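Student: I have a chain in front of me and would like to go through its fold step by step. Please reason briefly and finish each answer on the item I ask for.

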Amino acid sequence: MDMTGLTRFIGGLALFLYGMHVLGEGLAKLSGGKLEGVLSKMTDSPLKGVLLGAGVTAVIQSSSATTVMVVGFVNGGIMQLRQAVGIILGANIGTTITSWILSLSGIQSDTLFLQLLKPETFAPIAAMVGVSFLMFGCSEQKKELGGILAGFAILMTGMDTMSAAVAPLRDVPQFTRLFAAFSNPVMGMLAGAVLTAIIQSSSASVGILQALCAAGTIPYAAAIPIILGQNIGTCITALLSSIGASTNGRRAAFIHLYFNLIGTAIFLPVVYLLRYLFPVALFHQAATPAAIALIHSCFNVSTVLLLLPFSYKLVALARLSVPDKAYCGAPEQS
């Protein structure tokens, strides 16, 4: 990749991140600030919490934002720790929606309906409608809707720009060998975790991975551990938000971390045991954006199903990690 290609990729990444920010901000404004109240009330059972966390995260497209809000509620005493567990688990499911939307760029069909679903088709339309609402909308609600549509268009434009910038890399042997090294599960997880921790968004880092996969540069054997690492890396935002928080606020952040660590510790050995027992060519084939979305969803959904019955054990584990005496003040209710 030359300097021009690198500049295009960085520019596309900037648009992608900014589009996600504008989209989430517009959706939060359109909701009228009621998300916080809903989160604090509809959590009388872990299953309801999972559904609520998934729904809210699908709307604002950021599991980090949902988890940070939960840390804030727990820190402020609005929500008890056991109520927060379900929402944190559900947030990991809701964040997979973005990867499915981005995977639509891989649709191959001449059908008009399927062509309209492709981002390069409806993103310009969303941009035109959104900018029209922003410039000429008479009501505040229309302007907020315009911001949502414009944010989505910016996000998709950034995704397309990144994909176009990395496309030539498929013919560069050095780059192919670099990502082949990520077939080592530990290296792959570290790469995914570090990238996601830097940009503090698993949706964004999964989008970057999908852009690279669209160029046909990453095999499944490398993509799987990278995805698992991305889920771990996204925990950095909640951990940072818990600095200086109450004991239970920090415990909520640790629950998010433990969810992904335990899920990875279970999921990765199973995948590679199956690879060893049933060696197939699939692991060496280039992953697709749709496959990345599927793997991302399977990991998060299966981990939630596995850990939901043990949600109170996660609370106990968090309490062991952050004992009451570690924070000034009296022991808190959890």
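Student: What share of the residues of the chain counts as buried?
Tutor: This is a predicted model, so every value is computed from predicted coordinates. A residue counts as buried when its relative accessible area is under 20%. For the 334 residues of the chain, the share that counts as buried is 49%.

Student: How many helices does the chain have?
Tutor: The chain has 0 strands. Its helix count is 17.

Student: Among contacts between residues at least 6 apart in sequence, what percentage joins residues at least 24 apart?
Tutor: A contact here needs heavy atoms within 4.5 Å. Among the contacts between residues at least 6 apart, those joining residues at least 24 apart make up 80%.

Student: Which element gives the largest share of the largest nonpolar core?
Tutor: This core has 40 residues, and Met162, Leu209, Ile218 and Ile292 have the most contacts inside it. The elements that give two or more residues include helix H1 (3–30), helix H9 (140–166), helix H12 (202–214) and helix H13 (220–233). The largest share is 8 residues, and it comes from H13.

Student: How many residues are in the other core, which lies apart from it?
Tutor: Among the members of that other core are Ile87, Ala253, Phe259 and Val315. Its residue count is 27.

Student: Ile292 is in the list for the largest core. Which residues does Ile292 touch, not counting those up to four places away in sequence?
Tutor: Ile292 is one of the buried residues of H16. Three of the residues it touches, Val206, Leu209 and Cys213, are among the buried residues of H12. The full set is Val206, Leu209, Gln210, Cys213, Ala223, Ile227 and Ala287.

Student: How many of the 13 residues of H12 are buried?
Tutor: From its first C-alpha to its last, H12 reaches 18 Å, close to the 18 Å expected at 1.5 Å a residue. H12 is followed by Gly216, which has a positive phi near 70°. H12 is mostly covered, and its number of buried residues is 12.

Student: How far apart are the end C-alpha atoms of H16?
Tutor: H16 has 19 residues, which at 1.5 Å a residue should span 27 Å. The distance in the model agrees with that, because the end C-alpha atoms are separated by 27 Å.

Student: How many aromatic pairs does a search of the whole structure find?
Tutor: Rings pair if their centres lie within 6.5 Å. With that cut-off, the number of aromatic pairs in the whole structure is 2.

Student: Phe254 and Tyr258 form one aromatic pair. Is Tyr258 buried or exposed?
Tutor: The Phe254 and Tyr258 pair is tilted, at 5.9 Å centre to centre with 40° between the planes. Both residues lie in helix H15 (residues 247–277), 4 residues apart, about one turn of the helix. Phe254 has a relative accessible area of 25% and is therefore partly exposed. Tyr258 has 16%, so Tyr258 is buried.

Student: What type of pair do the rings of Phe267 and Phe299 form?
Tutor: The ring centres of Phe267 and Phe299 are 5.4 Å apart and the planes are at 85°. The pair links distant parts of the chain, with Phe267 in helix H15 and Phe299 in helix H16 (residues 289–307), 32 residues apart. Both Phe267 and Phe299 are buried. Since planes over 60 degrees apart are needed for this class, the pair is edge-to-face.

Student: Which residues does Asn260 touch, not counting those up to four places away in sequence?
Tutor: Asn260 is in helix H15. Its relative accessibility is 0%, so Asn260 counts as buried. The residues it touches are Asn92, Asn231, Ile232, Cys235, Phe299 and Asn300.

Student: Is Gly76 buried or exposed?
Tutor: Gly76 is found in the loop between helix H4 (63–75) and helix H5 (81–94). Its C-alpha atom is separated by 9.5 Å from that of Asn248, 172 residues apart along the chain. With a relative accessible area of 54%, Gly76 is exposed.

Student: Over which residues is the pLDDT below 50?
Tutor: The chain averages a pLDDT of 77, and 78% of the residues score at least 70. One stretch is below 50, and beyond near neighbours in sequence it has 8 contacts in the model. That stretch is residues 326–331.

Key: Residues numbered from 1 in each chain as written. Predicted model: local features only at pLDDT ≥ 70, side-chain atom pairs only at ≥ 80, totals over all residues. Heavy atoms only, no water. Phe/Tyr/Trp six-rings, centres within 6.5 Å; stacked < 30°, edge-to-face > 60°. Buried < 20%, exposed > 50% of the residue type's maximum accessible area, 1.4 Å probe, protein only. Core = buried A, V, L, I, M, F, W, Y, C linked by side-chain atoms within 4.5 Å. pLDDT = per-residue confidence, 0-100. Expected span 1.5 Å × (residues − 1).
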